[in-house]
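This report introduces a structure to a reader who has not met it before. It takes up surface charge, a buried acidic residue and some features of the backbone.

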Amino acid sequence: MSLTNKAKAYIRKHHNKKSAADIAEKLNQSEEDVQSYIDEISEPLPFKKKAAFYVITLSIPVLFFIILEVVLRGVDYMGNTELFIDPNIPQDEYYIPNPNFAARYFFYTKTIPNPSSDVFLQEKPEDTFRVFAMGGSSAAGYPYGYNGTFSRVVNDMLTDAMPDRKVEVVNVATSAISTYTLFDQVDEILEQKPDAVMIYAGHNEFYGALGVGSNENLGAFPGFVRFYLKLQRYKTFMLLREMIVNFGQWIATTLSDEEPTTGTLMERIISDQSIELNGPEYELAMIQFRSNMEAIVQKFADADVPVYLSTISSNVKDQSPFVSIEEDQNPPANDIYRKATSLYQSGDTTAAKEQFEYAKDLDGLKFRAPSDINKIINSLPASYPNTTLVPVHGAFEEASPDGIIGNSLMLEHLHPNQRGYFLMGKSFAESLLGDLAEQGFASPEKLNPDSYFDEMYISDFDNRIVHHRLRTLKQGFPFVIDGRETPYQFNYEPEGMVDSLAFGVVHKNTRWDAAKVELGNYYQNQGKIDKALLEYKGLIRNQPWNDSPYVFAARLLINQNNFTDAEPYLRKAYELAPREAFITKMLGSIELNKGNAEEAIRFLEESRQINPKDPQMLYNLSGAYGTNREFDKALEIANRVIELNPNYPGIQQWKQQLERILNSRRN
């Protein structure tokens, strides 16, 4: 008699507690059948079956997370956080730094800062010299951005010093990031085959993402934090992170009566506003900075990539301490700052400089890097032969009155003005060019470095953007700590076209490039040709891959009958967009004016293929064939012009001239 499933279940449950006879009696089964089944289920599983059982059991959660990861990637959870992405511009062979990559590091702060928009080729050509710039907001060119970055100055100088090579300088610096982010960028930068790397960093070790005084802090062990950064490449890990953070914030909001933190990114990211010099958090920041910088430089050294590492600067003379700590082993920062000011006013600039630096180091709110950061930076090249020290701090002191850095080069506490950013770029470029010249790759002796200041093409519009960004910054923390006024932008009335567009860029999401085009047209209509051209030059410098600003500049100059200056813009536009009717038409006209009939015909025929009904193009093409003594073709095309526009200026006289020439030939 076979056992039923119900009987088997009873036996499995009770065979360790009851005898076979008792179970058989209970189930009304034969004792032999019950004992046989007990022996069957008591027999150990074979090793292979047991191993398979455990593998399947352990695989279930692993498989769950694999499926979850695939699903999260499929729905693009949190977007693409890779360092470089395809910008989807008309030429699809480029990369740019990803505006969303910093989402990796900001889990409490929802405002994500963006890197620059430098474009570079996805496939690096053999003749290309590629440099990456790394760092925080100063390296990113805040509050200028775009053409205000030091890396653009480097690009300009390297390009002119190496005419036989294509130069690409890509800035991945981003506001409010610490050296943890720099470390996390290294592998992706190495994938892009850099020839050199420039680093200007150190101000954000306390309050940048993952800094010791930041809301985004993850603890005191750099090795652990760097491991954490590797994990967040996985979407599943980022989902778990968001769930934990959101739950923690919900608990904090529920249990606290305090309003959630608002304001600038600087204010939202701060956790500790009072960090004393040489205190535990201070020492931790120094350990963190040294550990990360050594790891960064070592990675580049292993890949045989030269690193140009700069000392950093801040405003010590004209920026008083933000927070003066009264109850620690050090003197209050404000007392030292007042002492420094008194010494400076009395003419003792050497002692004043020392005290200004000391007051900055004592500042409890450590937005400005303490002097120990530069000491660490200065020590690294001795241990890493691939590293060259760039003395930006020394260059700033040399260019400052009495050797004390203040408002002559700084906009506020640490961001340089245009002169300061130019000086940064010049310092980096000269260090790079010195090494390249020794290797025979560059000829820097032909350059006039100071001429590159004007080639930054910073216009009144760009400076007005800086004004609004600074005004926004200074109306909040840390410049205003007690109390908060109504933001100025709520009631602001722009003063004229330039100010209106600049205000729109800062506060209304107006696109910078669109505003420059609009402003260029406005200046052109006002007859302010130089101002219009400056806007277009700024666009060209920022978007060298885009033919449009070259065409805008060329049209402007052609309207002034300045074909000589227009030609280089047309030539560059032709490289980028050879199938553009206006470009080929105007290049053909310029060649015709030079007397180069065959070259004029080539360009004008290209234009004819694109827009065969343009009377101006056809008139010039007829003239080019006439100049080339191909009179039959010239007359044929002249007749076509008359069909399209019989009143086109000069066409009737030109046709008569061609007919006389052909008649005289026949006779």
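## A negative surface patch

For what follows, a patch is made of residues with over 30% relative accessible area and no salt bridge, and like charges are joined within 9 Å. Asp and Glu count as negative here. The model described is a predicted one.

By that definition, Asp22, Glu25, Glu31 and Glu32 form a negative patch on the surface. Two helices contribute to the patch, since helix H2 (20-27) and helix H3 (31-42) each supply at least two of its residues. Among the patch residues, Glu32 has its place in helix H3, and Glu32 is exposed because its relative accessible area, 59%, lies in the range that counts as exposed, namely over 50%.

## A buried acidic residue

Asp361 is found in helix H12, which covers residues 349-362. Is Asp361 buried or exposed? With a relative accessible area of 11%, Asp361 is buried, because buried means under 20% relative accessible area.

Which residues is Asp361 in contact with, once its neighbours within four places in sequence are left aside? The contacts of Asp361 are then with Leu277, Lys366, Pro370 and Ser371.

## Cis peptide bonds

Most peptide bonds are trans, and most residues other than glycine have a negative phi. Against that background, the peptide bond that joins Tyr142 and Pro143 is cis, with an omega of about 0°. Pro143 belongs to the loop between strand S4 (128-135) and helix H5 (150-161).

A cis bond also leads from Phe477 to Pro478, where omega is near 0°. Here the proline, Pro478, is found in the loop between helix H16 (460-474) and helix H17 (496-507).

## Positive phi angles

Although Asn509 is not a glycine, its phi is positive, at about 60°. Asn509 is placed in the loop between H17 and helix H18 (512-525), and with a relative accessibility of 76% Asn509 counts as exposed.

Arg629, which is not a glycine, has a positive phi of about 65°. The loop that holds Arg629 runs between helix H24 (615-627) and helix H25 (631-644). Is Arg629 buried or exposed? Arg629 counts as exposed, because its relative accessibility is 56% and the exposed range is over 50%.

Definitions and conventions: Residues are numbered from 1 along each chain as its sequence is written. This is a predicted model: local features need pLDDT of at least 70, side-chain atom pairs count only at pLDDT 80 or more; totals for chains, interfaces and linings use all residues. Side-chain values use heavy atoms; hydrogens and water are left out. Patches are made of residues with over 30% relative accessible area and no salt bridge: like charges are joined within 9 Å, nonpolar side chains (Val, Leu, Ile, Met, Phe, Trp, Tyr) within 5 Å. Accessible areas come from the Shrake-Rupley method with a 1.4 Å probe; for residues, only the protein chains shown count as cover. A salt bridge is a side-chain nitrogen of Lys or Arg within 4 Å of a carboxyl oxygen of Asp or Glu. The place of a charge is taken as NZ of Lys, CZ of Arg, CG of Asp or CD of Glu. Helices (H or I, at least four residues) and strands (E, at least two) are DSSP runs, numbered from the N terminus. Buried means under 20% relative accessible area, exposed over 50%, partly exposed in between (1.4 Å probe, protein chains only). Contact means heavy atoms within 4.5 Å.
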